[in-house]
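Student: Could you walk me through this one? I'm new to it, so let's go piece by piece.

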Amino acid sequence: MAANTLLPHFSSSTKSCCFSSSHRSSLIKSRTPDLGFDQRQVLTNQVKKWESLVLSRRSREVISRKKERGGGVARCTSEGIERRMLIAETAARAVPERFKVVALMACVMCLCNADRVVMSVAVVPLADKFGWSSSFLGVVQSSFLWGYIFSSVIGGALVDKYGGKRVLAWGAALWSLATLLTPWAANHSTIALLAVRAFFGLAEGVALPSMSTLSSRWFPGPERASAVGISMAGFHLGNVAGLILTPIMLSSIGISGPFILFSSLGLLWLSSWSYKVTSDPRDSPFISQSELRLIQVGKVDPPPANRTGELPPIRLLLSKLPTWAIIFANVTNNWGYFVLLSWMPVYFKTVFNVNLKQAAWFSAVPWGTMAVSGYVAGVVSDFLIQAGYSVTLVRKIMQSIGFIGPGVSLLCLNFAKSPAVAALFITTGLSLSSFSQAGFLLNMQVSSIKI
């Protein structure tokens, strides 16, 4: 029965198939009924098997490609990090080195003046504590100038011999130490206090000569007034910082509080200054060649004395008429400046009977506006020179404003009947006084170069 069934099926299958079919396919077809499988199912399974093999091969290829791409992503990511680091480094280098130098100079000038102002405010509670008279109070306030008078001349000679960076660093270290020792000296004895204050003035006297010399070294002529304006803006902002912070710390910590604060800030500044700044831009490892060429273009700058070890010719300086003009201008300017700096809080307290905190605020406003106006004077001065006006004419205009304006304002101060009106006149006077920074203060640099 099975044979009969198989034979007709085999014959019909061979008839339907081409004679040229392979022997393997005939066997598969002939054995299919015996095994109980359908032809189509077998062929489908074989196709699926080959498809699975092909898919597995393709999947391996896809995985390998993904790995390669993953490696590429890693490489791209690392390259992106390096690229971002390079961009950040380029951006850091994009800031001119001379701007970093003038920023550090502005910071130390701020601390220089803040350390002076601390005593101007703290002298009020110290006078109440020790029972100082008004005349002795003036002696304490003036003791700072005892050392300051001599160090201004000596400091200039030291700057020419050793360079502005080194002299300013030593000055900041010594005046920070003197600031830290002031409360101890006041509690110890009057002689100790006067000695420490004189030593403080001796150390601070090198600040302005160092700043002036560094500005002339690091900045080209058309930018020099702006550089001095930025540095002196920090100088005047030190008054603001000292007048505002000192009463707060006196009431919260005690007399030693503000002295410890500002002396610590001075030592912190010193760590950055010693590493990043050189006395001459030609010695700086950070400056670019393009910036160095910009600084040196048009500058008639002889080799500094610190390269040869020779002191500047003091007799030659004193034989020049411009030197005496600068000396008299400096005396006139500093007379009013230091009187206001030392006595302004006392003036508001005694004349208008305001408390110490209010007196500090009234005293801080004029110095803050002086910082802004001094920078504006520098920018205007540089603009006029670049516009074609002669340097001599611009300096004379700025110096005239710096002398006439404060004189008129201080005369009007006699008619002030309230602390607000008095602060207005003092603010106007000090703001106009800052124009001297673009006058005689810059002439120091020009005269030293010509001589």
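Student: Is N353 buried or exposed?

Tutor: First, a note: this is a predicted model, where local features need pLDDT of at least 70, side-chain atom pairs count only at pLDDT 80 or more, and totals for chains, interfaces and linings use all residues. Residues are numbered from 1 along each chain as its sequence is written, and side-chain values use heavy atoms, with hydrogens and water left out. Now, buried means under 20% relative accessible area, exposed over 50%, and partly exposed in between (1.4 Å probe, protein chains only). The relative accessible area of N353 is 68%, so N353 is exposed.

Student: Where does N353 lie?

Tutor: Helices here are DSSP runs of H or I with at least four residues, numbered from the N terminus, while strands are E runs of at least two. Phi of N353 is near 55 degrees, a positive value in a residue other than glycine. As for its place, N353 sits in the loop between α14 (321–351) and α15 (356–386).

Student: How many helices and strands does the chain have?

Tutor: Going by those DSSP runs, the tally for the chain is 18 helices and zero strands.
One of those helices is α8, residues 207–218. But the full count is what you asked for: 18 helices, zero strands.

Student: Why is α8 largely enclosed by the rest of the structure?

Tutor: Look at its residues: A207, P209 and W218 are among the buried ones. The helix has 12 residues in total. It is largely enclosed because the buried ones number 11 of the 12.

Student: Which helix gives the most to the largest nonpolar core?

Tutor: A nonpolar core is a set of buried Ala, Val, Leu, Ile, Met, Phe, Trp, Tyr and Cys residues joined through side-chain atoms within 4.5 Å. The largest has 88 residues, and F348 is among those with the most contacts inside it. F348 also touches N353, where contact means heavy atoms within 4.5 Å. With 18 residues, the top contributor to the core is helix α4 (residues 97–130).

Student: How many disulfides are there?

Tutor: A disulfide is a pair of cysteine sulfur atoms within 2.5 Å. Take C107, which is partly exposed at 43%: the nearest cysteine sulfur, that of C110, is 7.2 Å away, and C107 is in no disulfide. By this rule the count is zero.

Methods: The expected span of a helix is 1.5 Å times one less than its number of residues. Lists of a residue's contacts leave out its neighbours within four places in sequence.
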